[in-house]
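Subject: Structure handover

Hello,

Here is the structure I promised to pass on. Please open it first, then read my notes below.

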Amino acid sequence: MMNSFTKIYIYKVCLLLLVVVVAGCGSQKTLRGVFKKETPYERYASSLKDANLHQTALGQEWLSAGNRALQDSITITLPFKETGYFAADKPRALGYRLEAQRGERIVVDLELRSQETTAVFMDLFEATTNKADAPKHVATADTTSVQLVYEVNDDRPHILRLQPELLRSAQYTVTVQVKPTMAFPVPGKSSRNISSIWGDPRDAGARRHEGVDIFAPRGTPVIASVDGTVTRIGTSPRGGNVVWLSDTKRRQNLYYAHLDKQLVAPGQRVSVGDTLGLVGNTGNAKTTAPHLHFGIYRAGMGATNPYPYLHQPTQAPPAVAVDGAKIGNWVRVAARQANIRLQPSAKTGVFGSLPQHTPLQVTGATGNWYRVQLPNGAEGYISATLVETITRPVRQKTVALAAEVLDAAHPAAPVKDSLAAGSKIAVLGLYKNFELVQLPAGDIGWLHEPVN
């Protein structure tokens, strides 16, 4: 039977063949590249197909992993930080689903630790309302980059996919955060100084507040939140002294109202941080404390919520506070019953409940939670307090009849080794009618116990 050293050797040989074959496909990709701009991920997938590697078990598994990551992505709450491991012998892709609002900037940072140079494909997608439709690709990072930055254009969930190239192992740490896309319009203040928010009722409910109010002492400078051009200044009964600033990059206009004074002229080019005017309470704000009304109006779409454009989260990504040595290894449920969560939080939905001794493979860690893969291939999160290592067997067992040890907890899984009648083995975990066992030589596999 094939031992782990033989398996790794074969993978290395396959890698060399892969590099040679893919490198020879450049001429086949030339015309396709002229007519279609491909992402690094798509170019790599095309190389596999050009070399007919997509028809191999390894190639199919890699392509399937990328598709699964988009369909079965795990929901996360930002800021988020996770450390995990990509194994060379098991093609794998990570899918993270996150809520995003127009005006936010999603920032993804990736750290890799590997003995070999490893390319990891980072792609961001807009999730579709119909799950049957493919997500819309919106951003990518070059494989030499360790950061992906994207300004959100629409209020909808997004999916981040990370996938390494074939036959590469690496430890990864991914950090996902949101940041504002604009400078805060009142220096020294922050979103904590916003008292009246988007959508608040006005005029006894006859209309809604189309902006945010930032309170500050009279005469406090009001600055340009973007580079742009002052399109007009003026005075109106509602806004008092106002300044309109064109944000041509995003095809929208910024509206500054209730100013005590305007300090710019129409047509004037300004840069981020330039003073436009001073905080006041002119217009219909004369009975309130001095403040800036700040609004954003998108071309052809009207007012939009400025808060995500300005909000700077103060919460730092949670540090990984669990035993990192368990990442990439087996653990088992220590409690009598344990919940697998959809997110790394006890407040989130339960994916499933597992009995004691269920084996789980740790694929990552975030905060006080492990990201684990169940024996059936599904992934979720479990509290670190609910698992234990498998160093100590659940029980010892003598095999009554000759049996086959499988590579996975499935009757049709490849045979990993054979056991003669009377063989003594250690049972490390239990899953349905399968046992995770350790062979006398130290290898781990699955023993199928058919139900009578």
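**Helix H3 and the sheet beneath**

Directly after H3 comes asparagine 52, with a positive phi, near 60°. Please keep in mind that this is a predicted model.

Which residues of H3 (residues 40-50) are buried? They are Pro40, Tyr41, Tyr44, Ala45, Ser46, Ser47 and Leu48. H3 lies across S5, S6 and S8. Its direction makes about 120° with S5. Helix H4 (residues 57-71) packs on the sheet too, where it touches S3, S5 and S8. The angle between H4 and S8 is about 160°.

The sheet itself is open and has 5 strands. Their order is S1-S3-S8-S5-S6, and the pairing is mixed. Strand S1 (74-75) and S6 are the edge strands, each pairing on one side only. Inside the sheet, 7 bridges hold S3 and S8 in an antiparallel pair. Glutamate 99 has proline 157 in S8 as its bridge partner.

**The whole protein**

Some overall values next. The protein has 452 residues, and 45% of them count as buried. It contains 5 helices and 34 strands. Take the contacts between residues at least 6 apart in sequence: 64% of them join residues at least 24 apart. The accessible surface is about 22,300 Å². Carbon and sulfur atoms account for 52% of that surface.

**The nonpolar cores**

The largest nonpolar core has 27 residues. Which of them touch the most other members? Tyr96, Ile106, Leu162 and Val174 do. Eight strands each give two or more residues to this core:

- strand S2 (80-86) and strand S3 (94-100)
- strand S4 (104-113) and strand S5 (120-126)
- strand S6 (136-141) and strand S7 (147-151)
- strand S8 (156-164) and strand S9 (170-180)

Another core lies apart from this one. It has 25 residues, among them Leu259, Ile296, Tyr309 and Leu310.

Back in the largest core, valine 174 is worth a click. Leaving out residues up to four places away in sequence, valine 174 touches Phe80, Lys81, Glu82, Tyr96, Val108, Asp109, Leu110, Leu160 and Leu162.

**Strand S25**

Why is strand S25 (residues 359-366) largely enclosed by the rest of the structure? Because 8 of its 8 residues are buried.

S25 pairs with several strands. With S2, it runs antiparallel, joined by 2 bridges. Here glycine 84 stands opposite glycine 364 in S25. Strand S22 (residues 330-333) is joined to S25 by 3 bridges, again antiparallel. Arginine 332 has proline 359 in S25 as its bridge partner.

Strand S26 (residues 369-373) pairs with S25 in the antiparallel sense, over 5 bridges. One bridge partner to look for is valine 372 in S26, which pairs with valine 362. S25 and S26 form a hairpin, with 2 residues between them. In that turn, glycine 367 has a positive phi of about 55°.

**A six-strand sheet**

Further along is an open sheet of 6 strands. Its order is S29-S32-S33-S34-S30-S31, with antiparallel pairing. Which strands stand at the edges? Strand S29 (395-398) and strand S31 (415-419) do. Each has a single partner strand, so one side of each is left without a neighbour in the sheet. From one strand to the next, the twist averages 45°.

Within this sheet, strand S32 (residues 424-431) and strand S33 (residues 434-438) make an antiparallel pair over 5 bridges. Leucine 430 stands opposite glutamate 435 in S33.

**Threonine 220**

One residue to finish. Where is threonine 220? In the loop between strand S13 (212-215) and strand S14 (221-223). Is threonine 220 buried or exposed? Its relative accessibility is 16%, so it counts as buried. The cut-off for buried is under 20%.

The side chain of threonine 220 reaches the backbone oxygen of proline 217, at 2.7 Å. Setting aside neighbours within four places in sequence, threonine 220 is in contact with Val186, Gly277, Leu278 and Val279.

Best wishes

Key. Residues are numbered from 1 along each chain as its sequence is written. This is a predicted model: local features need pLDDT of at least 70, side-chain atom pairs count only at pLDDT 80 or more; totals for chains, interfaces and linings use all residues. Side-chain values use heavy atoms; hydrogens and water are left out. Helices (H or I, at least four residues) and strands (E, at least two) are DSSP runs, numbered from the N terminus. Buried means under 20% relative accessible area, exposed over 50%, partly exposed in between (1.4 Å probe, protein chains only). A polar contact is a pair of N or O atoms within 3.5 Å; within protein, one must be able to donate a hydrogen and the other to accept it, and residues adjacent in sequence count only if both atoms are side-chain atoms. Contact means heavy atoms within 4.5 Å. Accessible areas come from the Shrake-Rupley method with a 1.4 Å probe; for residues, only the protein chains shown count as cover. Two strands pair if DSSP finds at least two bridges between them. Axes are lines fitted to C-alpha atoms, for helices over the stretch in contact, and angles run from 0 to 180 degrees between N-to-C directions. A nonpolar core is a set of buried Ala, Val, Leu, Ile, Met, Phe, Trp, Tyr and Cys residues joined through side-chain atoms within 4.5 Å.
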